[in-house]
Every structure is written in C-alpha cells, then in structure tokens.
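Hi,

Here is the structure I promised to pass on. Have a look, and my notes are underneath.

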Amino acid sequence: MKITTKINLMTTAWILIVLIIINSIVFFSFMNITFNLEQDEVHQRASDIMKEINPEDSPEVIEKKLMPYLSSHSFIRIINKQSHVIAQSANDEHLAKKIKAKYSSKSTTQRRIVREEGGEEQIIIYKQPINVNGQPVKILEIGERVIGLELGKDVLLSILAICTILGAVLSLLGGRWLSNIIIRPISNMINTMEDIEKSGIPKRISIQHETKDELTKMAVTFNRMIGRLDANLERQKQFISDASHELKTPLTVIKSYADLLRRRGIQNAEITLEAIEAIHSEATRIQRMTERFLDLANTELEHDLDLISIHLASFCEKIFNQLKIAYKREIIFHYDNDALTIMADELKLKQVIIITIDNALKYSTDRIDVYLEDHEHNAVIRVVDYGIGIPHNEIENIFERFYRVDKARSRATGGTGLGLSIAKNIMKQHHGEIKVKSTEGEGTEVELHLPKTQKTD
C-alpha cells in the first residue's frame, strides 16, 4: 500500500472517529436537555396541583381541579395504595389506558418509549406521594407525551449523519491533497535516487518552494550529502591522478634503464652500475610511497587506538635525540612541565611528531625549536623552523594529499605530499587538532593540540 493511501485512510478514519464521538455527545446532550426541560415543567405542575387539591375532596371535585393542569396528550390521576385509580383527568385516553396505574411511596420520574403505529414516542411519567398526617396514603401521577422529541431526534440524527458523511468525503479529499504535499519532496528524492542508480551520476533534489519544515530539511540534507559525495569523488579522482603521476616518474626511470640494459647488456660496467643504482633508488621511492599510501589508508579507516599513558617530555626528548643523530641537525627542546601526561597511541603519536619534524628539517637549514606547553585543556607541542615558509594562500591546501608548495624542491627531498594528511588523520583520531602558522621567507610554526583527557567514541 502506498504511503499516500495510508495517510489518506488514517486521516479519514481519525476524522470519522472524532465526528462520531462529537455527534454522540451532541445527540445525547440534546435528548437529556430536552427531557430535563419537560421534566422540570411536569414537576412544577405537580407542585401546583399539590397545593390545589385536598385529600378529603371527592373524586368528582378532584377531577375538576385536575382538568386545568392538563397539557396536550397527557393525563393526571390519583392512585391509592391498592393501585386503583381514584380520580383521573385525561385528554389522551389511549395513553392513560396504555400506562397501567401503580402505587409508589416515593417520588419518581420515569422515561418510557411507547410504540405506536406512527412510530416511537417518548413518554414522561411523574409520581409524587400525597401525605396525610405525615404518612403517604395516595400518589399523584402525571403522564404526558413529549411532543416533538422523537421528531427532533430523527431530524438531529439525519443532520449528524449527513455531516458525518460530508466530513468523511472532505477528509478523503483533504487527506489526498495533504498526502500529495507531504509526499512530493519524498517522491522527488526517490526519483532522484533512481536516476542516480541508473546513471551513476550524483544529482541534487530540486527544491521549488523552500520552507522550514522537516521535509525541506530532509531535501537540503540530501543535497548536502550529494555535495559531499561529489567532493569525495573529485578527491578520489584527484588522488588517482596524483598517485598515477607520482608513480609514473619512477616507473619510467626504471623502464628506461631496464631497456638500456637490454640493448647494451652488462659489458659496460659504468652504465650497468648507474642503471642498477637508478633502478634501486626509484624502487625504494615506490616502496616508500606505497608505505605512505598504507599509512594514509590506515589512519582514515581505523578508529581503534592503543591508548597508554605517555609522559610527553621524556617521550619527545627520546624522539628528538634519535632525529639529531640521524639528520645531524640541531633540535632544541623547551619545556617547563616534565610531568605532563596524556592518553595516546604511542606509535601513531610518534609518527605525527616525526612527520612534523621531518618537514621542518627538509624546508629549513637553521636549528629547530620545539616547545612543550601545558594549556588548560590541551597539551601543545609547538614545532618552529626558520626556513622558506609557506605563502599565506597556500596554508589551507597543505593537508591535501600530494599537495606540495615547492614541488621541485619536494621531489628533490623525497617528499610525497602525504605526510600532513596522515598527521591530520591521526590527530583527528585522538580528538586533537593540528594548526599551521607561517610567514614566507621567515619560517613555519606547527602546533599539535592533544586533549589531556582522551575522549571515547
């Protein structure tokens, strides 16, 4: 069943239930109010009659006194304890015969339905005891037809039935209109998804009348998601293009030297050694690039960290001492709090620090200053170099894959353009942040912000 049909049926059913409840309340209220008004009038007449008659009066006198209190289609009578009629005045003998006389020691009001040839009629019967010396000896009974109540009831039922049917029809039409309005954005989304499925090309939903309801928000969210998919596809294409370009050069070199060896053989020792050295160098370059690819994939796909408590001062100092020996460069470490501790993945954090220091060493010839700072919520490792710097308009691009500010120099230093992307992903896994400040020709400052309390996903 379509959702539009479900909405239509549910709204119609709900409207019908509400109308039936309201109509029932209206109907029973009308019946009770009408009968209560008639009952009050009968009670008032009975009270007036009780003041008029005397228990010692003869039946003939009582009948004369009762006569003025008759209404149309009614009877008034006096009944003794034996349920015999002592005196009676009536202008509806048929009704008086139909209602049998019965004594009662208490005041009662009865509502009866009498079936006649013309249909049903409502009858009200009121009995009130007549006391002598404080003891009930007779009763006054008034019975009359409630003229027009049945007719009013039938008319009211007809009106309520017509209103209910009309309400159901209007509800069906309104439900159909409402369901079409609600479903239109969803239908557009379904059509768009089907087009995407058939063509494989991401498309956005056309929003004709932008409102602030949930359906518009859903369409806007869908369009935003498609925008991100477009961006990711573009990044993927760019990644494939860049990776192909990066791999093309070393593979071309390897193929060229291999062809050279095939043509000239290995008789020329100098050429052979040159070819072997070039092939080894470019193969090493491809291996290093492949390892970087794996590192990047791991930092993007893996979210589980092997968290341990790390004393940052001793941890960083150990890394810097190793780098000093390897690069024969001056790295000066500054810190005030040697007890600063965080929860982090040791291997991944070491990888971030090495990437940061490696970039500083590649693009500067002077010393490297590293500061360990204790902030309110974060521990900050600040790496400062005094090298070539980064142009201001290039800073926002340096975390993109394969992006290099100075491409010629990066190739000469063996850079792949993946290091900062890896570092950014690792910092994101640690719920931290990497920030870069730089002035071209003066140097670069990289800040690693690591939360003191490690959050859990």
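Below is what I found in it.

First, the basics: it's a predicted model, where local features need pLDDT of at least 70 and side-chain atom pairs count only at pLDDT 80 or more, while totals for chains, interfaces and linings use all residues. Residues are numbered from 1 along each chain as its sequence is written, and side-chain values use heavy atoms, with hydrogens and water left out.

Helices (H or I, at least four residues) and strands (E, at least two) are DSSP runs, numbered from the N terminus. There's an open sheet of five strands, in the order S7-S9-S10-S12-S11, with mixed pairing (at least two DSSP bridges between two strands). Its edges are S7 (331–335) and S11 (433–439), each pairing on one side only. On average, neighbouring strands are turned by 15° against each other, direction ignored (axes are lines fitted to C-alpha atoms, for helices over the stretch in contact; angles run from 0 to 180 degrees between N-to-C directions).

S11 and S12 (residues 443–451) run antiparallel, joined by seven bridges, and Lys437 stands opposite Glu445 in S12. H7 (residues 312–327) lies across S7, S9 (368–374) and S10 (378–385), at about 170° to S7; contact means heavy atoms within 4.5 Å.

Then there's H10 (residues 419–429): nine of its eleven residues are buried (under 20% relative accessible area, 1.4 Å probe, protein chains only), so this helix is largely enclosed by the rest of the structure. Among the buried ones are Leu420, Ile422 and Met427. Just after H10, His431 takes a positive phi of about 60°.

Cheers

Notes. Buried means under 20% relative accessible area, exposed over 50%, partly exposed in between (1.4 Å probe, protein chains only).
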